[in-house]
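Trainee: I have just opened this one and would like to talk it through with you. Could you take me round it slowly?

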Amino acid sequence: MKNPLKLFFAERKQAVRGSLTELDALREAIAEGEAKIVRMTNASIDLHEATDALDRWLDDAATEAISSLNPGASFSSRDPEYQCLKMPIVRRNFETGKGIEMVQDTSRAVQLLLGLIVATSRDKIREVVVKQIEDFQQDNPGLSTEGRDQAITAERANLFRLAAEEELLLRALEEASVPVQRRPQASAALLLATSASLEKVIAT
Amino acid sequence: MDEKDLDLDPRRLVVLERNAREKDAVRKGEVDRAHDLRDRRDDKRLELSKLQSNPITKPERIAQALAEIEEINGLIRSADDETAAVGATASNAQMTFKRAREFAVQMGLSLPPEIKKDGEFFV
């Protein structure tokens, strides 16, 4: 006949080992869930939102160029000097290590020129850029903002359930005098929660 | 469900504090054990040097004393490892209790009398 005390300790050891394996698995799932939230937070927007952003930019660039260059008024002017599209190129004094230098600032002119090109060839530019967005999204699929927010909320709820399960398991291990450590980043509310309410969280 | 839906029980602080105290006692026990082993090793070393300075000591006696010192060194190494492990568990238990207590104060829960008075706080 087997020694019952020996059997008891063997069973207990087995149970503790099982619980510790379970704890490892829970913590792995928690780390994976947290990483998933970070990935979702940083994920790009989806194709639909990206093309919306492109359309907004195309509209703004064209509108800005036309309204700034104001060609209608320029060419309607009686003064031939104004009958042209004049790009705003400004001279600026630029402080260098060796003193003050005069530079021509063409940044606004380039922006307006780009806007003018958009105003005249919007469809072609759009076609090229949309193709680029599609190629990018094929390798880096984006998430719609709404879809992303929903997925993050669902993942947070899942993490909360896992953390409740972890806390209950830690309490059981502590009662069995198994030394365990709590994750410092785990919610302090879980530490004070009644076991019954933790059970309720897990059941949801 | 989220944190707001949890039923909080400030009596949990008593459990967490007791746990922190127990882990600290284990840590102290391990520190004492490593200390005792070092004392034992010092005694053995003294014994060895006496044996070595005595011309009639048999070489086997010296070899035996050296082996004993080596054995104690092994015990000291494992005691030190154990001290580090239980030390980590003890400071984690202390931190956990502190975190729970701060949260309880922040939530305006009435703290159990056992841990309420400032002077009696363990950590």
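Mentor: Let me begin with a term that we will need, namely that a patch is made of residues with over 30% relative accessible area and no salt bridge, and that nonpolar side chains are joined into one patch within 5 Å. Please also keep in mind throughout that this is a predicted model.

Trainee: Okay, which residues form a nonpolar patch on the surface?

Mentor: The nonpolar patch is formed by A:Trp57, A:Leu113, A:Leu114 and A:Ile117, which together have about 340 Å² of accessible area. Helix α4 of chain A, covering residues 107-139, gives the most to this patch, with three residues. A:Trp57, on the other hand, has its place in helix α2 of chain A, residues 47-69, and with a relative accessible area of 37% A:Trp57 is partly exposed.

Trainee: And charge, which residues gather in a patch of negative charge?

Mentor: That patch is on the surface of chain B, where B:Asp32, B:Asp36, B:Asp39, B:Asp42 and B:Asp43 gather. To take one of them, B:Asp36 is placed in helix α1 of chain B, which covers residues 12-53, and B:Asp36 counts as partly exposed because its relative accessibility is 46%, a value that falls between the limits of 20% and 50%.

Trainee: Switching to salt bridges, how many are there over all chains?

Mentor: The count over all chains comes to 26 salt bridges. One of them is the pair A:Arg183 and A:Glu166, whose side chains meet with N and O 2.8 Å apart. A:Arg183 lies in the loop between α5 and α6 of chain A while A:Glu166 lies in helix α5 of chain A, so this salt bridge ties together parts that are 17 residues apart in sequence.

Trainee: Are those two partners buried or exposed?

Mentor: A:Arg183 is buried, at a relative accessible area of 13%, and A:Glu166 is buried as well, at 3%.

Trainee: What does A:Glu167 form a salt bridge with?

Mentor: A:Glu167 pairs with A:Arg171, and the closest N and O atoms of the two are 2.9 Å apart. Both residues lie in helix α5 of chain A, four residues apart, which is about one turn of the helix, and both are buried. As a general point, an α-helix has 3.6 residues a turn, so residues three or four places apart point the same way.

Trainee: How far apart along helix α1 of chain B are B:Asp24 and B:Arg27?

Mentor: They are three residues apart in that helix, and therefore separated by about one helical turn. The side chains of B:Asp24 and B:Arg27 meet in a salt bridge, with N to O at 3.0 Å. B:Asp24 is buried, having a relative accessible area of 7%, whereas B:Arg27 counts as partly exposed at 27% relative accessibility. There is also a network in which salt bridges that share partners join A:Glu167, A:Arg171, A:Glu174, A:Arg182 and B:Arg12.

Trainee: Back to helix α5 of chain A, what span should its 31 residues have?

Mentor: At 1.5 Å a residue, the 31 residues of helix α5, residues 145-175 of chain A, should span 45 Å, and because the C-alpha atoms at the ends of the helix are 45 Å apart, the expected span agrees with the model.

Trainee: Which residue takes a positive phi just after that helix?

Mentor: That is A:Ser177, with a positive phi of about 60°, in a residue other than glycine. A:Ser177 has its place in the loop between α5 and α6 of chain A and counts as exposed, at 64% relative accessibility. A:Asn70 also has a positive phi, of about 50°, although A:Asn70 is not a glycine. The place of A:Asn70 is in the loop between α2 and α3 of chain A, and at 41% relative accessibility A:Asn70 counts as partly exposed.

Trainee: Last one, how far apart in space are A:Glu101 and A:Glu175?

Mentor: From C-alpha to C-alpha they are 77 Å apart, with their positions 74 residues apart in sequence. A:Glu101 lies in strand β2 of chain A, residues 99-105, and A:Glu101 is partly exposed, with a relative accessible area of 42%.

Terms used
Residues are numbered from 1 along each chain as its sequence is written. Chains are lettered from A and ligands numbered from 1 in the order in which they are written. This is a predicted model: local features need pLDDT of at least 70, side-chain atom pairs count only at pLDDT 80 or more; totals for chains, interfaces and linings use all residues. Side-chain values use heavy atoms; hydrogens and water are left out. Helices (H or I, at least four residues) and strands (E, at least two) are DSSP runs, numbered from the N terminus. The expected span of a helix is 1.5 Å times one less than its number of residues. Patches are made of residues with over 30% relative accessible area and no salt bridge: like charges are joined within 9 Å, nonpolar side chains (Val, Leu, Ile, Met, Phe, Trp, Tyr) within 5 Å. Accessible areas come from the Shrake-Rupley method with a 1.4 Å probe; for residues, only the protein chains shown count as cover. A salt bridge is a side-chain nitrogen of Lys or Arg within 4 Å of a carboxyl oxygen of Asp or Glu. Lys and Arg count as positive and Asp and Glu as negative; His and the chain ends are not counted. The place of a charge is taken as NZ of Lys, CZ of Arg, CG of Asp or CD of Glu. Buried means under 20% relative accessible area, exposed over 50%, partly exposed in between (1.4 Å probe, protein chains only).
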